[in-house]
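Work through the exercises below with the sequence and the coordinates open beside you. Try each task before reading its solution.

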Amino acid sequence: MAADEALIVEFDSHDGFWMMSNNGAFFNSLDYLYRSVSYTPSRTVVDSDNRVRLVLCHEDPGYHNWVDTQGFQRGNLTYRNLLSGAATTFNTRLVKRTELARVLPVDTVAVSPQERTAQLKARF
């Protein structure tokens with residue numbers, strides 16, 4: 001991904017435990033302790049249409065479900081689905097980061113820099 005791009009990954013919210021993790025090119029872990037490189041149902045905000053939308057990009061776009069790339073242009077996004085037999089269908093869109101407000105639903109939860117800091121402290 002280029003520095004000015006964002007990848008939107010969306011899927012239906014469902015019961016059970018799932019995890020979406022951003023990994024390096026060789027499936028190495030990124031800094032999950034201090035950065036938002038993974039999400040589980042407990043950390044994720046679901047939009048009013050019952051869809052999970054994760055926004056993967058290099059810099060914080062100001063949306064709750066931001067997946068940090070740590071500046072890496074290449075890597076692997078891994079989805080794990082446990083305790084559910086439901087198949088998950090993903091939709092993805094690569095957009096310019098400046099287009100996020102236009103392409104995301106209007107009720108997508110945004111966060112301020114102070115709220116992001118609190119989110120990361122809670123994660124820690």
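**Exercise 1. Decide how far strand S2 is enclosed, and trace its partners.**

Step 1. Five of the seven residues of S2 are buried, so the strand is largely enclosed by the rest of the structure. Buried here means under 20% relative accessible area, exposed means over 50%, and partly exposed lies in between, with a 1.4 Å probe and protein chains only. Strands (E, at least two residues) and helices (H or I, at least four) are DSSP runs numbered from the N terminus.

The model is a predicted one, in which local features need pLDDT of at least 70 and side-chain atom pairs count only at pLDDT 80 or more, while totals for chains, interfaces and linings use all residues. Residues are numbered from 1 along each chain as its sequence is written, and side-chain values use heavy atoms, with hydrogens and water left out.

Step 2. S2, which covers residues 17-23, pairs with S6 in the antiparallel sense over seven bridges; two strands pair if DSSP finds at least two bridges between them. Within this pairing Phe-17 stands opposite Leu-82, and Met-19 has Arg-80 as its bridge partner.

Step 3. S2 is also joined to S3, by two bridges and in an antiparallel arrangement, and there Ser-21 has Ser-38 as its bridge partner.

Step 4. Put together, the strands form an open sheet of three with the order S3-S2-S6 and antiparallel pairing. S3 and S6 (76-82) stand at the edges with a single partner strand each, so one side of each is left without a neighbour in the sheet.

**Exercise 2. Establish which faces of strand S4 are covered, and which strands pair with it.**

Step 1. S4 spans residues 51-57, and seven of its seven residues are buried.

Step 2. In a regular strand the side chains alternate between the two faces of the sheet. For S4, one side carries Arg-51, Arg-53, Val-55 and Cys-57 and the other carries Val-52, Leu-54 and Leu-56, with both faces covered.

Step 3. Strand S1 (residues 5-12) pairs with S4 in the antiparallel sense over seven bridges, and Leu-7 stands opposite Leu-56. S5, by contrast, runs parallel to S4 and is joined to it by three bridges, with Asp-68 as the bridge partner of Cys-57.

**Exercise 3. Find the buried face of helix H2 and say what covers it.**

Step 1. In H2 (residues 113-123) the buried residues are Arg-116, Gln-119 and Arg-123. Seen down the helix axis they fall within an arc of 60°, so they line one face of H2; the arc is that of the directions from the helix axis to the C-beta atoms.

Step 2. An α-helix has 3.6 residues a turn, so residues three or four places apart point the same way.

Step 3. On the face of H2 turned away from the buried side are the exposed residues Gln-114, Lys-121 and Ala-122.

Step 4. The cover over the buried residues of H2 includes strand S3 (38-39) and strand S5 (66-68).

**Exercise 4. Place Leu-30, Gln-70 and Asn-50 in their loops and describe their surroundings.**

Step 1. Leu-30 is found in the loop between S2 and S3, and it counts as buried because its relative accessibility is 8%.

Step 2. Apart from neighbours within four places in sequence, Leu-30 is in contact (heavy atoms within 4.5 Å) with residues including Asn-22, Val-37, Asp-68, Gln-70 and Phe-72. Leu-30 and Asp-68 are 38 residues apart in sequence, yet 9.2 Å apart in space, C-alpha to C-alpha.

Step 3. Gln-70 lies in the loop between S5 and S6 and has a positive phi near 60°, in a residue other than glycine. At 24% relative accessibility, Gln-70 counts as partly exposed.

Step 4. Asn-50, in the loop between S3 and S4, has a positive phi of about 65° although it is not a glycine. Asn-50 counts as partly exposed, at 41% relative accessibility.
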